[in-house]
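Visitor: I would like to learn how to read the features of a model. Please take me through some of them.

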Amino acid sequence: MSTTLETEEHKALRSAVAALGKRYGREYLARVVADGGQPTELWAEAAKLGYLGVNLPEEYGGGGGGIAELSIVLEELGAAGCPLLMLVVSPAICGTVIARFGTEEQKRAWLPGLADGTRTMAFGITEPDAGSNSHRITTTARRDGDTGDWLLTGRKVFISGVDHADAVLIVGRTEDARTGNLKPCLFIVPRDAGGFERRQIDMELHGAEKQFELVLDDVRLPADALVGDEDAGLLQLFAGLNPERVMTAAFAIGMGRYALAKAIGYARDRTVWKAPIGAHQAIAHPLAQAHIDLELARLMMQKAAHLYDAGDDIGAGEAANMAKYAAGEACVKAVDQAVHTLGGNGLTREFGLASLITAARVARIAPVSREMILNYVSHQTLGLPKSY
């Protein structure tokens with residue numbers, strides 16, 4: 001893919017990460033998933049090379065870059081067939097929130113470990129009855145008047161990687177003393193906290209990162225478990241959600257590129273009549289369209305990352321949503337066309353495309369559905385009235 005709009009540093013990073021991904025590949029990831037394990041070797045090597053914390057501040061062991069650099073890491077690993085999904089959660093969401101809003105103690109406690117891969121953090125926002133409506137989050141946090149501790153109670157679902165994370169950044173709600181209304185706040189909840197339980201969700205989609213339902217039953221946390229300002233929770237929340245959307249776009253673009261590369265190689269070599277099947281427009285044109293769609297999605301992803309790293313949270317919000325939408329659609333179409341190009345071979349384990357049919361849907365569904373993104377654009381960008 002073209003990298004003419006990128007800096008020389010970005011091109012070098014892309015090339016280096018692509019080389020790392022090539023050493024592992026989809027076969028490695030498939031083997032890890034089949035064994036029920038984690039891609040620990042890849043995670044450790046990516047950490048050693050400085051890729052996991054490329055977006056985190058240098059003074060805490062990071063690379064001093066931004067979401068633009070981290071999205072390159074995830075995209076290239078995805079294009080090699082071995083994306084690290086926890087990159088979306090641990091350094092992109094949790095690391096960014098702590099770096100921007102955490103106390104000095106929280107930064108020293110968490111950022112070096114997130115950067116060198118020795119610690120990971122999951123992110124808990126989705127609830128059974130809230131869905132895409134974050135205003136219906138019912139996980140509540142109240143103060144213990146005697147000790148000043150926080151007590152968290154609630155449930156979360158579809159939380160990735162909790163079984164291996166050291167803590168979960170939980171989105172709860174506290175009561176505003178002035179209005180009595182509930183407002184979002186972020187809390188660091190250690191995995192072994194009392195009253196904090198998890199249950200693995202049985203998923204048809206098999207990945208290295210398992211999905212969990214969490215139950216918080218009066219989980220007691222010290223006062224310093226709160227991240228940032230209690231009155232600025234919404235701003236802090238979206239400071240994590242915008243990078244999540246950019247990184248989901250990177251995940252989708254990488255997956256789409258991987259599938260498309262498989263299909264292109266097959267179309268070049270497969271000869272049924274007198275010429276390779278890729279010589280026929282019925283095969284070539286859909287692959288060309290898929291390539292165009294992935295390129296366009298990447299441009300919007302780059303714009304979103306640039307705006308976010310420049311501190312334009314409002315502009316980044318719009319662009320990140322658009323990037324996630326475009327990348328999700330492009331990924332699904334690229335995977336579908338790749339499987340179709342290979343015909344029956346596209347469903348075999350040998351070519352490794354069939355499992356992507358399910359995986360590609362994730363980019364349309366999570367972390368926010370394409371319909372909610374269309375709502376966002378119609379309301380926030382076009383100024384149309386809400387229907388809800």
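Guide: Start with the naming. Helices are DSSP runs of H or I with at least four residues, and they are numbered from the N terminus. Keep in mind that this model is predicted.

Visitor: What follows α3, and what is its phi?

Guide: Gly-81 follows α3. The phi of Gly-81 is positive, near 95°.

Visitor: How many residues does α3 have, and how far does it reach?

Guide: Helix α3 spans residues 67-79, which is 13 residues. From first C-alpha to last, α3 reaches 18 Å, close to the 18 Å expected at 1.5 Å a residue.

Visitor: How many residues of α3 are buried?

Guide: Buried means under 20% relative accessible area. In α3, 13 of the 13 residues meet that description, so the helix is largely enclosed by the rest of the structure.

Visitor: Which residues touch the most other members of the largest nonpolar core?

Guide: A nonpolar core joins buried nonpolar residues through side-chain atoms within 4.5 Å. The largest one here has 96 residues, and Leu-77, Leu-87, Met-121, Phe-123 and Leu-169 touch the most other members. Helix α6 supplies the largest share of this core, 17 residues. Apart from this core lies another, of 21 residues, including Ala-122, Val-162, Ile-170 and Val-189.

Visitor: What is Leu-77 in contact with, leaving aside its neighbours within four places in sequence?

Guide: The contacts of Leu-77 include Val-17, Leu-20, Gly-21 and Leu-42. Cys-82, Pro-83, Leu-84 and Leu-87 are also in contact with Leu-77.

Visitor: Now a polar residue. Is Asn-242 buried or exposed?

Guide: Apply the cut-off of 20%. Asn-242 is buried, with a relative accessible area of 5%. Asn-242 is found in helix α6, residues 233-269. Leaving aside neighbours within four places in sequence, Asn-242 is in contact with Tyr-308, Asp-313, Ala-316, Gly-317 and Ala-320.

Visitor: Asp-313 caught my eye there. With which residue does Asp-313 form a salt bridge?

Guide: A salt bridge needs a side-chain nitrogen of Lys or Arg within 4 Å of a carboxyl oxygen of Asp or Glu. Asp-313 pairs with Arg-100, and their closest N and O atoms are 3.0 Å apart. The partners come from distant parts of the chain, 213 residues apart: Asp-313 in α8 (residues 313-342), Arg-100 in α4 (residues 86-101). Arg-100 is partly exposed, at 38% relative accessibility.

Visitor: How many salt bridges does a search of the whole structure find?

Guide: It finds 19. Take Glu-329, which is buried at 11% relative accessible area. Glu-329 forms a salt bridge with Arg-370, with the closest N and O atoms 3.2 Å apart. Here α8 holds Glu-329 and α10 (residues 370-381) holds Arg-370, 41 residues apart. Arg-370 counts as partly exposed, at 26% relative accessibility.

Guide: Glu-329 also forms a salt bridge with Arg-364, where the closest N and O atoms are 2.9 Å apart. Arg-364 lies in α9 (residues 354-365) and Glu-329 in α8, so this pair ties together parts 35 residues apart in sequence. Arg-364 counts as buried, at 14% relative accessibility.

Visitor: Which residues are linked in a network of salt bridges?

Guide: Look for Glu-6, Arg-14, Glu-75, Glu-76, Arg-257 and Arg-298.

Visitor: Last, the surface. Which residues form a nonpolar patch?

Guide: Leu-5, Ile-292, Leu-296 and Leu-299 do, with about 410 Å² of accessible area together. Leu-5 lies in the segment before α1 (8-34). Leu-5 counts as exposed, at 69% relative accessibility.

How values were computed
Residues numbered from 1 in each chain as written. Predicted model: local features only at pLDDT ≥ 70, side-chain atom pairs only at ≥ 80, totals over all residues. Heavy atoms only, no water. Helix = DSSP H or I, 4+ residues; strand = E, 2+ residues; numbered from the N terminus. Expected span 1.5 Å × (residues − 1). Buried < 20%, exposed > 50% of the residue type's maximum accessible area, 1.4 Å probe, protein only. Patch = residues over 30% accessible without salt bridge, like charges linked within 9 Å, V, L, I, M, F, W, Y side chains within 5 Å. Areas by Shrake-Rupley, 256 points an atom, 1.4 Å probe, with all protein chains shown as cover. Contact = heavy atoms within 4.5 Å.
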